[in-house]
Amino acid sequence: MSQTVRTRPEGSAQALSEAYDTALLDLDGVVYAGGNAIAYAVESLGTARSGGMRLAYVTNNALRTPDVVAEHLTELGIPTGASDVITSAQAAARLISEQVPAGSRVLVIGGEGLRVALRERGLEPVESADDDPAAVVQGFGGPDLPWGRFAEACYAIARGVPWFASNTDLTIPSARGIAPGNGAAVEVVRIATGAEPQVAGKPLPPMHRETILRTGAERPLVVGDRLDTDIEGAFNGEVDSLLVLTGVTDGAQLLAAPPQHRPTYVDADLRGLLTGQPEVVEADGGFRCGGWTATAGSERLELEGDGEALDGLRALCAAAWTAAGDGACELDGGKALARLGL
């Protein structure tokens, strides 16, 4: 896929909720953290929805069903139906259904989200490699998934059964810290079998295709907090993206982002949906946004001026991404980011 390399965040004269018809929202780190709503999320999403923007929630978590996710969001004060939730389990189930006969048995290594998604596509979930499955699908099954489940996957894969994975996120956030994700479990089976799964979830195209098929979005905006899943997924789908700084990505990671990880817009939180975005312009041999001007020196990024911290970050992004071209910026941005408190 050939795309123009983004060298600066874009501006928008319109509020993003007016410029795009559908927000494809990541959940953890964007809408909630540790099960609780992130500041301004409930109010911002309510205002965007009342203004006519469709909200869809897109998650790589294959454990929870859309009904369970929708119930959780509704409890947080964000009225949501199951049809507003798109999971990697659904993307995986569609991928499988296109490659095996209708009604086929599929060996499930994971949780209820996968079973529900498979039944939705007319496939029969089974529990053993001896049940003559036509495919194996692996998704996050929670912290108590028995080790023997991996053995069942290996037995079937060794017989030539095709292997699918909902996603390959190596880690997931938990209340106690970072825990192994489905990607870590996929590695167990990969090492044991030498096989490679077909992967459905973000940032790969099957997940983006699933969201578009289910939402009918014509002008979608991906909203996320992770460069390697949300923003790269938007890049692969050739749609615009908004990075919010309420999750895992910090300023240093953003400045060093290679082209596939560079968002269209950057904002602090979901209030960014309700506003336009300031333009970054070339000025004085560098890039200006608001009251800040950023330049790329021989060893580090320089920042002069004053004003809103986010404007300074946008200017720094332009200086860093332009200097990096189609690579990752290696200039030191620490001092400049410290001036912004980021």
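**Exercise 1. Find how far the sulfur of Cys289 is from the closest cysteine sulfur, and decide whether they bond.**

Solution. The closest cysteine sulfur to that of Cys289 belongs to Cys317, 9.8 Å away, which is too far for a bond. A disulfide needs a pair of cysteine sulfur atoms within 2.5 Å. Cys317 is therefore in no disulfide. By this rule the count is zero disulfides. Next, check burial. Buried means under 20% relative accessible area, exposed over 50%, and partly exposed in between (1.4 Å probe, protein chains only). Cys289 has 0%, so it is buried. Cys317 is also at 0% and counts as buried.

The model is predicted: local features need pLDDT of at least 70, side-chain atom pairs count only at pLDDT 80 or more, and totals for chains, interfaces and linings use all residues. Residues are numbered from 1 along each chain as its sequence is written, and side-chain values use heavy atoms, leaving out hydrogens and water.

**Exercise 2. Place Thr211 and list what it touches.**

Solution. Start with the helix. Thr211 lies in helix 8 (residues 205–215). Helices are DSSP runs (H or I, at least four residues), as are strands (E, at least two), numbered from the N terminus. Thr211 has a relative accessible area of 2%, so it is buried. Now the contacts (heavy atoms within 4.5 Å). Leaving aside residues up to four places away in sequence, Thr211 touches Leu24, Val58, Ile86 and Gly216. Leu24 is 187 residues from Thr211 in sequence, yet their C-alpha atoms are 7.7 Å apart.

**Exercise 3. Name the buried residues of helix 5.**

Solution. Helix 5 spans residues 112–120. Its buried residues are Gly113, Leu114, Arg115, Ala117 and Leu118. Their cover includes helix 4 (88–97) and strand 6 (105–109). Just after helix 5, Gly122 has a positive phi of about 80 degrees.
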